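Please open the model in your viewer and keep the selection tool at hand. The tour below moves from one selection to the next and says what is there at each stop.

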Amino acid sequence: MAMRNVLISGCIAFGAIAAAAPVWAECDEIRPTIPTSRYVISGDEVHDTQSDLTWQRCSAGQSWTDGEGCVGEIQKLSWDQAKELAKDGWRLPTKDELITLISKACTPSVNPDAFPNMDKTKLWYWSSDEMEPDLAGLVYFDGGATFNGYRTSANAVRLVRSGE
């Protein structure tokens with residue numbers, strides 16, 4: 001019990017440091033994951049050979065650094081702000097496209113080799129699906145749940161483009 005109290009105190013004392021640090025995925029070795037062999041990984045991009053989609057490895061707000069992975073803090077944006085990031089062939093993915101990344105064997109639920117340094121506190125990702133004038137689609141990267149969220153709420157963004 002004393003160790004638990006020390007651990008909790010340590011977490012409270014160092015909470016600001018832990019929140020800024022990248023968070024790695026934890027995978028259940030018994031359940032199948034999406035194999036890294038499914039992807040062609042090249043620097044800051046990942047080509048999914050099954051869906052023929054190319055993904056940015058890092059979430060909006062992060063940038064790719066060789067040897068370190070995705071660095072920086074994941075930015076949470078409104079849906080309209082997220083749509084503004086779409087340029088040069090990059091776009092917001094559909095819900096169905098985001099779901100192709102999900103493996104329920106990992107938390108976060110994406111392949112940690114293809115998409116490193118996810119933040120477990122920022123796992124709701126915008127899709128391009130507009131449900132109603134005030135709502136847009138979200139996918140939860142911790143199990144693949146989908147939800148229609150208010151377009152003004154702030155969520156993470158990962159961009160995609162078709163083909164290689």
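Two strands pair if DSSP finds at least two bridges between them, and the strands themselves (E, at least two residues), like helices (H or I, at least four), are DSSP runs numbered from the N terminus. This is a predicted model, in which local features need pLDDT of at least 70 and side-chain atom pairs count only at pLDDT 80 or more, while totals for chains, interfaces and linings use all residues. Residues are numbered from 1 along each chain as its sequence is written, and side-chain values use heavy atoms, with hydrogens and water left out.

Begin with the open sheet of three strands, whose order is S8-S9-S10 and whose pairing is antiparallel. Select 124–132 for strand S8 and 146–150 for strand S10, which are the edge strands, each pairing on one side only. Now add residues 135–140, which make up strand S9 and pair with S8 in the antiparallel sense over five bridges.

Next, show the side chains of Trp124 and of Tyr140 in S9, which stand opposite each other. Rings of Phe, Tyr and Trp (its six-membered ring) pair if their centres lie within 6.5 Å, and planes under 30 degrees apart count as stacked, over 60 as edge-to-face and the rest as tilted. A search of the whole structure finds four aromatic pairs. Trp124 and Tyr140 form a stacked one, with 4.6 Å centre to centre and 25° between the planes; this pair links distant parts of the chain, 16 residues apart.

How accessible is Trp124, buried or exposed? Neither word fits, because its relative accessible area of 30% makes Trp124 partly exposed, where buried means under 20%, exposed over 50% and partly exposed in between (1.4 Å probe, protein chains only). Tyr140, at 25% relative accessibility, likewise counts as partly exposed.

Move on to Tyr125 and Phe141, a stacked aromatic pair with 4.3 Å centre to centre and 15° between the planes. Tyr125 lies in strand S8 and Phe141 in the loop between S9 and S10, 16 residues apart. Both Tyr125 and Phe141 are buried.

Before leaving this region, add Phe147 to your selection of Trp124 and Tyr140, since these three form one aromatic cluster.

For the last stop, select the residues that line the second largest pocket, among them Asp44, Arg57, Trp64 and Trp90. A pocket is an open set of points on a 1 Å grid over the protein atoms alone, where a 1.4 Å probe fits, with protein on both sides within 12 Å along at least five of seven lines; lining residues have an atom within 4 Å of a point.
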